[in-house]
Amino acid sequence: MKTILVILTLSVFSVQGLCAEDAPATKNAPATKNAPATKDAPALKDAPATIELKNKSSFTMDASGRNPFWPIGWKPVAHVQNNNNTTEHSGADIPSSAFVVSSITLDQGTRFAIINGKAMQEGQVFGLQMGNQTYQLTVKSIEDGRVILARRDQEIIVPLRRK
């Protein structure tokens, strides 16, 4: 009997609570977002407040400044640039003895060769430094037992070094 009485009491209070939420705002109640503004309670603004900065931060570095991303104590090496582009078009032909092909891998569609200790693929461009000049070479093709390199109009055939 007591349980039925408790259940009835709780259900009455819950029904009263639901009816109270649906009732319109009274004269003394503060205005909510959906309720209109009254004389006592001003309306709330929907737009967020904008913030205006007085001083915007910026960073400028003069030409003599040190790059902040360099390690402490490190200084860049000055690169000397030649205005004439004679390094690529000058010099004698490069002999095939300047290269050592130590391994060739032929697979379906991909071909690799180890030239002077570095893995190269067909079409890859690399530099060869001889003396004070750097020559740009392209791996033209990798075949069974040899590699064909191209520089300007010269083709260099380098055989696989077998031990």
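**Exercise 1. The S2/S3 hairpin**

Opposite Ile115, in S3, stands Lys118; starting from this pair, work out which strands the hairpin joins and how many bridges hold them.

Before we dig in: this is a predicted model, where local features need pLDDT of at least 70 and side-chain atom pairs count only at pLDDT 80 or more, while totals for chains, interfaces and linings use all residues. Numbering runs from 1 along each chain as its sequence is written, and side-chain values use heavy atoms, leaving out hydrogens and water.

*Step 1.* Find the strands: S2 covers residues 111–115 and S3 covers residues 118–121. Strands here are DSSP runs of E with at least two residues, helices are runs of H or I with at least four, and both are numbered from the N terminus.

*Step 2.* Count the bridges: four join S2 to S3, and the two run antiparallel. Strands count as paired if DSSP finds at least two bridges between them.

*Step 3.* Look at the turn, where two residues sit between S2 and S3. Asn116, one of the turn residues, has a positive phi of about 55°, although Asn116 is not a glycine. Most residues other than glycine have a negative phi.

*Step 4.* Check how much of Asn116 shows: its relative accessible area is 36%, so it counts as partly exposed. The scale is buried under 20% relative accessible area, exposed over 50% and partly exposed in between, with a 1.4 Å probe and protein chains only.

**Exercise 2. Two sheets**

Lay out the strand order of each sheet and pick out the edge strands.

*Step 1.* Take stock of the chain: it has two helices and seven strands, and it reads α-α-β-β-β-β-β-β-β along the sequence.

*Step 2.* Three of the strands make an open, antiparallel sheet in the order S1-S2-S3. Its edges are S1 (101–106) and S3, each pairing on one side only. On average, neighbouring strands here are turned by 20° against each other, direction ignored. Those angles come from axes fitted as lines to C-alpha atoms (for helices, over the stretch in contact), and they run from 0 to 180 degrees between N-to-C directions.

*Step 3.* Inside this sheet, S1 and S2 share five bridges, and Ile104 has Ala113 in S2 as its bridge partner.

*Step 4.* The other open sheet has four strands in the order S4-S5-S6-S7, again antiparallel. S4 (125–130) and S7 (154–159) are the edges, and the twist averages 35° from one strand to the next. S4 and S5 (residues 133–143) are joined by six bridges, and Met130 faces Gln133 in S5.

**Exercise 3. The nonpolar core**

Which elements feed the largest nonpolar core, and what does Val139 touch?

*Step 1.* Such a core is a set of buried Ala, Val, Leu, Ile, Met, Phe, Trp, Tyr and Cys residues joined through side-chain atoms within 4.5 Å. The largest has 17 residues, with Phe99, Ile115, Leu137, Val139, Val147 and Leu149 making the most contacts inside it.

*Step 2.* S1, S2, S4, S5, S6 (146–151) and S7 each give two or more residues to this core, with the largest share, four residues, coming from S5.

*Step 3.* Leaving out residues up to four places away in sequence, Val139 touches a list that includes Ile115, Phe126, Val147 and Leu149. Contact means heavy atoms within 4.5 Å.

**Exercise 4. One aromatic pair**

Describe the aromatic pair that turns up in a search of the whole structure.

*Step 1.* Rings of Phe, Tyr and Trp (its six-membered ring) pair if their centres lie within 6.5 Å; planes under 30 degrees apart are stacked, over 60 edge-to-face, the rest tilted. Phe99 and Phe126 are edge-to-face, at 6.4 Å centre to centre and 85° between the planes.

*Step 2.* Place the rings: Phe99 lies in the loop between H2 (86–89) and S1, and Phe126 in S4, so the pair ties together parts 27 residues apart in sequence.

*Step 3.* Both Phe99 and Phe126 are buried.

**Exercise 5. Gln154**

Is Gln154 buried or exposed, and which backbone oxygen does its side chain reach?

*Step 1.* Gln154 lies in S7 and is buried, at 12% relative accessibility.

*Step 2.* Its side chain reaches the backbone oxygen of Ile94 at 3.2 Å.

*Step 3.* Leaving out residues up to four places away in sequence, Gln154 touches Asp93, Ile94 and Leu149.

Methods
Polar contact = N/O pair within 3.5 Å; in protein donor to acceptor, adjacent residues only side chain to side chain.
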